[in-house]
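User: I would like to go through the labels used for this model and see what each one rests on. Please set the values against the cut-offs.

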Amino acid sequence: MKPNPISPTIPLDQDGVHHGHLKLPHSRDDSAWGAIMIPLCVIKNGDGPTALLTGANHGDEYEGPLALQHLAHTLKAEDITGRIIIVPAFNYPAFLAAKRTSPIDGGNLNRMFPGKPDGTITEKIADYFERTLIPQSDVVLDIHSGGKTLSFVPFAAAHILDDKTQQAACVSAMEAFNAPYSIMLKEIDSVGMYDTAVEDQGKVFVSTELGGGGSATALTSAIARKGVRNMLAHAGILQTELALLPISSPSKMLDMSDENAYLFSASDGLVDYAKDLEDPVEVGDVIARVWPKDRTGATPIEYVAQTSGILAGRHFPGLIQTGDFLGLIAKVVS
Ligand code: ZN
């Protein structure tokens, strides 16, 4: 395999707090010998586990970058044992453009693993994590939220894994994150995901969905800041007294294993939600109606719950298209 072109501008293995960049050469019209400079902070103190923390895997999701900026700015090396590698804006070109995917190559970083060292810009970022950063990490947190097109009740997530010891470690880290909700996530399409790449290397992995709509709120930001610190304390990296007190304890466990948990739109139009996030939902309840955009007098198309629970996720913009995700109904199990 070819070497990856990315090089860190700071040492990854020296004690102290180091702020720098992952330098990714990118020859282009406005900078022939230029580079993409992805912000990076490494905090290390002695020997111990390594945590790898990322935000903005999708560029329009802000709780991750906010919580990680805060952490990199406030944490001192003596507060920790081990190492924390912080990349607040994982798909940095997408983050700069406030887009889910990269404006350079259209790359959805979370569908591009394991990546390629000689591929597109997004594939090069994926390959660097796949072969350089994930292997030297023990605990990995990737902070997502709904972005411009989705909105969720704030949850942390783990996946069902073949290795039950690894799964239990992931669940334990998810519980330590202590979002208002926790979920064993069943992905619509797990091929190429960072989640899968990290789990395949046997690491402890937690993901989140903390709100959405292409912005962050005071509450969702605070959930992310608290969750990061709690997870670091749980991993034995951060001194426990520096973790924040839980905002909501205990986390409510959600189950989305019902095959009818997801609703999708089969029509284009104006979406008119009859339920809000966290509202209880019974089978047969109308979740949303879709009105036509181009005429009056037509009856809206109704989307009805096929399972019961709470509305845990929804489409965010006012207009919806055929095939769009419309709703996620999850059961509160504890
Ligand atoms: Zn995302």
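Analyst: Buried means under 20% relative accessible area, exposed means over 50%, and partly exposed covers what lies in between. The model is predicted.

User: Why is His58 called buried?

Analyst: His58 has 3% relative accessibility, so it counts as buried, the limit being under 20%. His144 also has 3% relative accessibility and therefore counts as buried.

User: Why does Phe95 count as partly exposed, and what about Gly48?

Analyst: Phe95 has 25% relative accessibility and Gly48 has 44%. Partly exposed is the class between 20% and 50%, so Phe95 falls in it at 25% and Gly48 falls in it at 44%. Gly48 sits in the loop between strand E3 (35–45) and E4. Its C-alpha atom is separated by 37 Å from that of Ala312, which is 264 residues apart from Gly48 along the chain.

User: What makes His58, Glu61 and His144 donors of the zinc ion?

Analyst: A donor is an N, O or S atom within 2.8 Å of the metal, a limit that applies to zinc because the wider one is kept for Na, K and Ca. The protein donors are His58 (ND1), Glu61 (OE), Glu61 (OE) and His144 (ND1), and they lie 2.1 to 2.4 Å from the zinc ion. Glu61 is listed twice. Water is not among the atoms, so sites may look incomplete.

User: Why is the site of the zinc ion called irregular?

Analyst: The angles among its 4 donor atoms run from 56 to 145°. Four donors count as tetrahedral if all angles lie between 85 and 135 degrees, so a site with angles of 56 to 145° does not qualify. Square planar needs opposite donors over 155 degrees apart, and the angles here end at 145°. Anything else is irregular, and that is the class of this site.

User: How are the donor residues of the zinc ion spaced in sequence?

Analyst: The spacing is H-x2-E-x82-H. His58 is in the loop between E4 and H1, and His144 is in the loop between strand E6 (139–143) and strand E7 (150–152), so this pair ties together parts that are 86 residues apart in sequence.

User: How do you know that Tyr62 and Phe95 form an aromatic pair, and why is it tilted?

Analyst: Ring centres must lie within 6.5 Å to pair, and for Tyr62 and Phe95 the distance is 6.4 Å centre to centre. Planes under 30 degrees apart count as stacked and those over 60 as edge-to-face, so the rest are tilted; at 50° between the planes, this pair is tilted. Tyr62 lies in the loop between strand E4 (50–55) and helix H1 (63–74), while Phe95 lies in helix H2 (residues 92–96), so the pair ties together parts 33 residues apart in sequence. The structure holds 14 aromatic pairs. Ring pairs also link Phe90, Phe113, Tyr128, Phe129, Tyr194 and Phe205 into a cluster.

User: What makes the largest cavity a cavity, and which residues line it?

Analyst: In a cavity a 1.4 Å probe fits but cannot get out. The largest cavity has about 40 Å³ of space, and its lining is Ala51, Leu53, Val139, Val228, Met231, Leu232, Ala235 and Ile237. These divide into 8 nonpolar, no polar and no charged residues. H6 gives the largest share, 3 residues.

User: How does the lining of the largest pocket divide?

Analyst: It divides into 10 nonpolar, 9 polar and 9 charged residues. Arg100, Arg111, Leu150, Phe152 and Ile188 lie nearest the centre of this pocket, which has a volume of about 620 Å³.

Definitions and conventions:
Residues numbered from 1 in each chain as written. Predicted model: local features only at pLDDT ≥ 70, side-chain atom pairs only at ≥ 80, totals over all residues. Heavy atoms only, no water. Phe/Tyr/Trp six-rings, centres within 6.5 Å; stacked < 30°, edge-to-face > 60°. Helix = DSSP H or I, 4+ residues; strand = E, 2+ residues; numbered from the N terminus. Buried < 20%, exposed > 50% of the residue type's maximum accessible area, 1.4 Å probe, protein only. Donors = N, O, S within 2.8 Å, 3.2 Å for Na, K, Ca; no water. Tetrahedral: all angles 85-135°; square planar, octahedral: opposite > 155°, others 65-115°. 1 Å grid on protein atoms, 1.4 Å probe; cavity = no way out; pocket = protein on both sides within 12 Å on 5 of 7 lines; lining within 4 Å. Points joined across faces, edges and corners; volume = space filled by probe spheres on them. Nonpolar A, V, L, I, M, F, W, Y, C, P; charged D, E, K, R; others polar.
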